[in-house]
Amino acid sequence: MRLTKSTDIALRIAMRLAALSDAGDAPTTREVASAVQVPYTHAAKVVSKLQHLGAVEARRGRGGGLTLTAAGRTGSLGQLVRELEGADDVVGCEDDPPCPLRGGCRLRGALRVAQEAFYASLDPLSVADLVESPTGPLLLSLTPAPHRD
């Protein structure tokens, strides 16, 4: 199973915010995007999704910035990944054109069980767990790349 690029970016942003919150910082979306080396436009979409899920709070203006909420910090990583990934199957049985085996195929069910086992293995973890040493200090050492217009 491979996570979508959006989920990958969301997890990196959440981890960066968790490490920075320990240091008392609230960076902008642009700063976080630069530090984790993703395009600002992608980061902005992901931050919006994380806000909608209640994992990130964004404040505008002076003294604003991004912070990871308590739920984003200590909630189930498996549940966060489920929410970010959506309910799609691992394989595209209903794609256009649909798979001709979809009416009697056992692969789809087996893959769904495997997918849930993957998520279940993440359930006991949180973003806070992911930023324990050595990851947290490494995240704090990332410096934003120079801004290019």
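A pocket here is an open set of grid points where a 1.4 Å probe fits, with protein on both sides within 12 Å along at least five of seven lines, and its lining residues have an atom within 4 Å of a point. Keep that handy for the second exercise. One more thing before you start: the model is predicted.

## Exercise 1: Get your bearings

**Task.** Work out how many helices and strands the chain has, and in what order the elements run from the N terminus.

**Solution.**

Step 1. Count the elements: there are 8 helices and 2 strands.

Step 2. Now walk along the chain from the N terminus, and you read α-α-α-β-β-α-α-α-α-α.

Step 3. Add the overall dimensions. The C-alpha trace spans about 60 × 35 × 25 Å along its principal axes. Of the 149 residues in the chain, 34% are buried.

## Exercise 2: Explore the largest pocket

**Task.** Find out which residues lie nearest the centre of the largest pocket, and which element gives the most to its lining.

**Solution.**

Step 1. Start with the space itself: the largest pocket holds about 290 Å³.

Step 2. Look at the lining, which has 16 residues. Nearest the centre you'll find Thr-29, Ala-58, Arg-59, Arg-60 and Leu-66.

Step 3. Match the lining to the elements. Two or more residues come from each of helix 2 (29-35), helix 3 (40-52), strand 1 (56-59) and strand 2 (65-68). Helix 3 gives the most, with 5 residues.

Step 4. Sort the lining by character: 6 residues are nonpolar, 7 are polar and 3 are charged.

## Exercise 3: Do the cysteines bond?

**Task.** Decide why Cys-93 and Cys-99 are not joined, using the distance between their sulfurs.

**Solution.**

Step 1. Recall the chemistry: a disulfide is a covalent bond between the sulfur atoms of two cysteines.

Step 2. Bring in the cut-off, which asks for sulfur atoms within 2.5 Å.

Step 3. Check the distance. The cysteine sulfur closest to that of Cys-93 belongs to Cys-99 and is 5.9 Å away, so it is too far for a bond. From the other side, Cys-99 has the sulfur of Cys-93 as its nearest, and Cys-99 is in no disulfide. The count therefore comes to 0 disulfides under the 2.5 Å cut-off.

Step 4. Compare their surroundings. Buried means under 20% relative accessible area, and exposed means over 50%. Cys-93, at 9%, is buried, whereas Cys-99, at 26%, is partly exposed.

## Exercise 4: Rings and a charge

**Task.** Is the aromatic pair of Phe-118 and Tyr-119 stacked, edge-to-face or tilted? And which residue lies over the face of Tyr-40?

**Solution.**

Step 1. Search the whole structure, and 1 aromatic pair turns up.

Step 2. Look at its geometry: the ring centres of Phe-118 and Tyr-119 are 5.7 Å apart, and the planes make an angle of 55 degrees.

Step 3. Apply the cut-offs. Under 30 degrees would be stacked and over 60 would be edge-to-face, so this pair is tilted.

Step 4. Check accessibility: Phe-118 is partly exposed at 28%, while Tyr-119 is buried at 4%.

Step 5. Turn to Tyr-40. Arg-30 lies over the face of this ring, at 4.0 Å from the ring centre.

## Exercise 5: Backbone oddities in the loops

**Task.** Which peptide bond leading into Pro-97 is cis, which residue is joined to Pro-134 by a cis bond, and what is phi of Gln-37 near?

**Solution.**

Step 1. Go to Pro-97, in the loop between helix 5 (77-85) and helix 6 (107-122). The bond from Asp-96 to Pro-97 is cis, with omega near 0 degrees.

Step 2. Move on to Pro-134, in the loop between helix 7 (127-130) and helix 8 (135-141). Ser-133 is joined to Pro-134 by a cis peptide bond, with omega about 15 degrees.

Step 3. Go back to the loop between helix 2 and helix 3 for Gln-37. Its phi is near 60 degrees, a positive value in a residue that isn't glycine. Gln-37 is exposed, at 68% relative accessible area.

## Exercise 6: Apart in sequence, but how far in space?

**Task.** How many Å separate the C-alpha atoms of Ala-26 and Gly-65, and those of His-42 and Ala-10?

**Solution.**

Step 1. Locate Ala-26 in the loop between helix 1 (5-23) and helix 2. Ala-26 is partly exposed, at 29%.

Step 2. Jump 39 residues in sequence to Gly-65: the two C-alpha atoms are 4.8 Å apart.

Step 3. Now find His-42 in helix 3, partly exposed at 42%. His-42 and Ala-10 are 32 residues apart along the chain, and 9.5 Å separates their C-alpha atoms.

Methods. Residues are numbered from 1 along each chain as its sequence is written. This is a predicted model: local features need pLDDT of at least 70, side-chain atom pairs count only at pLDDT 80 or more; totals for chains, interfaces and linings use all residues. Side-chain values use heavy atoms; hydrogens and water are left out. Buried means under 20% relative accessible area, exposed over 50%, partly exposed in between (1.4 Å probe, protein chains only). Rings of Phe, Tyr and Trp (its six-membered ring) pair if their centres lie within 6.5 Å; planes under 30 degrees apart count as stacked, over 60 as edge-to-face and the rest as tilted. A charge sits over a ring if NZ of Lys or CZ of Arg is within 6 Å of the ring centre and within 35 degrees of the ring normal. On a 1 Å grid over the protein atoms alone, a cavity is a set of points where a 1.4 Å probe fits but cannot get out, and a pocket is an open set with protein on both sides within 12 Å along at least five of seven lines; lining residues have an atom within 4 Å of a point. Grid points are joined across faces, edges and corners, and a volume is the space filled by probe spheres set on the points. Helices (H or I, at least four residues) and strands (E, at least two) are DSSP runs, numbered from the N terminus. Ala, Val, Leu, Ile, Met, Phe, Trp, Tyr, Cys and Pro count as nonpolar, Asp, Glu, Lys and Arg as charged, and the others, Gly among them, as polar.
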